[in-house]
Amino acid sequence: MHEMSIVEGIRSVIEEAGQTQGFARVTKVRLEIGRMSGVEIPALEFAFDVVMNGSLAQGATLEIINLPGKAVCFDCEENVEIEHRLDTCPRCGGARLLVQGGDEMRIKDLEVL
Amino acid sequence: MCTVCGCGGHSVEDQFKAHLEKTGQAMAAPTAPLAVLAQAPASVAAHSKPHDHGTIDAQGAECTHDFHLGRGPAGTEVPGMTQARLVEIETDILSKNNNYAARNRENLAQKSVFATNLVSSPGSGKTTLLVKTIEMLGAAPLAVIEGDQQTTNDADRIRATGAPAIQVNTGKGCHLDGAMIEQALARMPLPDGALLFIENVGNLVCPAAFDLGEDAKVAILSVTEGEDKPLKYPDMFAAAGLALINKVDLAPHCDVDLDLYESNIRRVNPAIEVLRVSARTGEGMQAWLDWLRAGLARKAS
């Protein structure tokens with residue numbers, strides 16, 4: 001249930017940006033979430049509505065950009081794209097994949113007023 | 001805030017002054033800003049155009065200065081342009097935690113301290129393993145930070161060995177974070193060249209995402225948990241640098257396949273090191289101590 005802490009992180013970034021960049025309301029929040037980040041999107045969406053209450057982003061729309069999982073295969077030594085951490089290599093079928101991307105959790109941008 | 005170029009200020013007029021200064025233009029007339037804003041100039045050059053009320057006439061309004069710009073949600077209006085603007089953030093959601101973690105890492109590096117973040121499900125034997133480790137390390141300087149939702153039981157068990165320990169109770173929290181470790185470090189003596197053990201809250205999910213400033217996460221998995229645990233909770237094993245398969249003395253009683261444990265861990269993280277230990281009998285513990293000492297030697301160099 002660390003989606004709640006994650007959203008609290010988003011809230012504090014937004015509140016800080018509101019002060020430094022001078023906006024009073026956020027209407028949309030766009031996040032980049034990697035497939036391997038371990039973030040459960042429905043839980044994040046639920047937490048978002050709860051945690052943003054009373055903040056600049058109260059009632060804001062949440063848009064999530066899914067980023068693919070990237071891995072290097074120890075067997076065929078190629079960089080491949082995967083859906084899940086336990087996928088086998090889509091090229092050679094090897095099971096030894098080292099995940100190298102897709103654990104992103106970033107706030108991309110905000111639509112503000 | 002000017003919705004055209006983003007220049008600051010509080011009142012519309014001030015903003016427009018700032019806007020003109022920014023775009024290198026003199027203010028034509030004190031009444032100009034509102035009208036010019038209403039024209040939604042598309043280019044910088046358009047800002048200095050003398051204003052007329054063409055657009056307002058076209059909308060059927062009277063040619064006076066009594067018109068309202070503030071009906072939109074932003075309290076101002078720039079026709080032809082949506083009131084909302086986009087602010088690039090490009091920040092890691094956990095950047096605040098990562099800042100704390102980076103500070104902790106720097107502090108620990110200055111003291112040549114080798115820090116491990118011990119993560120596992122509740123009941124895998126983290127505290128027993130730590131107690132045994134401390135006993136075997138003898139006089140080596142070390143300190144322990146214990147994370148649990150409630151009670152000081154674990155810190156009490158560590159203190160009983162004579163080692164300094166501080167308990168962090170997270171309340172409802174499911175993991176330790178960088179700020180908690182910073183506070184804990186401020187309250188405990190940590191000699192140069194010490195080993196720091198951070199025993200995280202028993203939880204195989206959330207602590208994976210929170211960097212504390214440690215040198216390595218050590219995932220502990222006991223043989224009673226089932227061979228497929230690394231596959232069920234891959235994030236933690238993916239984040240760890242070392243996995244300890246604990247309670248191997250129980251393996252014969254549990255019908256478990258230790259090789260399958262190991263291959264499932266490597267399936268999730270091909271780069272991970274794996275050691276088989278029993279904190280109770282001491283089996284395999286020497287290899288774990290060697291791993292710790294090697295880490296400490298790397299920090300000292």
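Two residues are taken to be in contact when their C-beta atoms, placed from the backbone, lie within 7 Å. The description that follows rests on this criterion and concerns a predicted model.

Chain B, with 301 residues, of which 40% are buried, contains twelve helices and eight strands. Among the contacts in chain B with a separation of 6 or more, 67% join residues that are 24 or more positions apart.

Helix 12 of chain B, formed by residues 285-300, illustrates how one such element is packed. Its 16 residues span 23 Å from the first C-alpha to the last, which is close to the 22 Å expected at 1.5 Å a residue. The buried residues of helix 12 of chain B are B:Trp288, B:Leu292 and B:Leu296, and, viewed down the helix axis, the buried residues fall within an arc of 75 degrees, so that they line one face of the helix. This arrangement can be set beside a general property of the α-helix, namely that it has 3.6 residues a turn, so residues three or four places apart point the same way. The opposite face of helix 12 of chain B, turned away from the buried side, carries the exposed residues B:Gln286, B:Asp290, B:Ala294, B:Ala297 and B:Arg298. The elements of chain B that cover the buried residues of helix 12 include helix 5 (126-137) together with strand 2 (114-120), strand 5 (195-199), strand 7 (242-246) and strand 8 (273-276).

Of these covering elements, strand 5 of chain B is itself mostly covered, five of its five residues being buried. From this strand B:Leu195, B:Phe197 and B:Glu199 point one way, whereas B:Leu196 and B:Ile198 point the other way, and all are buried. In a regular strand, side chains alternate between the two faces of the sheet. Strand 5 of chain B pairs in the parallel sense with strand 2 of chain B over five bridges, and within this pairing B:Ala115 has B:Leu196 as its bridge partner in strand 5. Strand 3 of chain B (residues 142-148) also runs parallel to strand 5 of chain B and is joined to it by five bridges; here the partner of B:Glu146 in strand 5 is B:Glu199.

The loop between helix 5 and strand 3 of chain B contains B:Ala139. This residue counts as exposed because it has 6 C-beta neighbours inside 10 Å, where the cut-off for an exposed residue is 12 or fewer. B:Ala139 and B:Ala163, although separated by 24 residues in sequence, are 9.6 Å apart in space, C-alpha to C-alpha.

The contact between the two chains takes 32 residues from chain B and 29 residues from chain A. On the side of chain B that touches chain A, at least two residues are supplied by each of strand 1 (85-92), helix 4 (95-110), helix 9 (234-239) and helix 11 (258-268) of chain B. Strand 1 of chain B gives the most to this side, with eight residues. By residue class, the side of chain B that touches chain A divides into 19 nonpolar, six polar and seven charged residues.

Strand 1 of chain B also takes part in strand pairing across the two chains, where it pairs in the antiparallel sense with strand 6 of chain A (residues 105-112) over six bridges. One of the residue pairs involved is A:Arg106, whose bridge partner in strand 1 of chain B is B:Asp92. The resulting open sheet has four strands in the order 2(A)-1(A)-6(A)-1(B), with mixed pairing. Strand 2 (61-67) of chain A and strand 1 of chain B stand at the edges, each with a single partner strand, so one side of each is left without a neighbour in the sheet. The twist from one strand to the next in this sheet averages 20 degrees.

Chain A also holds an open sheet of three strands, which has the order 4-3-5 and antiparallel pairing. Its edges are formed by strand 4 (79-82) and strand 5 (97-101) of chain A, and each has a single partner strand, so one side of each is left without a neighbour in the sheet. Neighbouring strands of this sheet are turned against each other by 40 degrees on average, direction ignored. Within the sheet, strand 3 (residues 69-73) and strand 5 of chain A run antiparallel and are joined by four bridges, and A:Lys70 has A:Gly101 as its bridge partner in strand 5 of chain A.

Note on methods:
Residues are numbered from 1 along each chain as its sequence is written. Chains are lettered from A and ligands numbered from 1 in the order in which they are written. This is a predicted model: local features need pLDDT of at least 70, side-chain atom pairs count only at pLDDT 80 or more; totals for chains, interfaces and linings use all residues. A residue is buried if 20 or more other C-beta atoms lie within 10 Å of its own, exposed if 12 or fewer, and partly exposed in between; C-beta atoms are placed from the backbone. Ala, Val, Leu, Ile, Met, Phe, Trp, Tyr, Cys and Pro count as nonpolar, Asp, Glu, Lys and Arg as charged, and the others, Gly among them, as polar. Two strands pair if DSSP finds at least two bridges between them. Axes are lines fitted to C-alpha atoms, for helices over the stretch in contact, and angles run from 0 to 180 degrees between N-to-C directions. The expected span of a helix is 1.5 Å times one less than its number of residues. The arc is that of the directions from the helix axis to the C-beta atoms.
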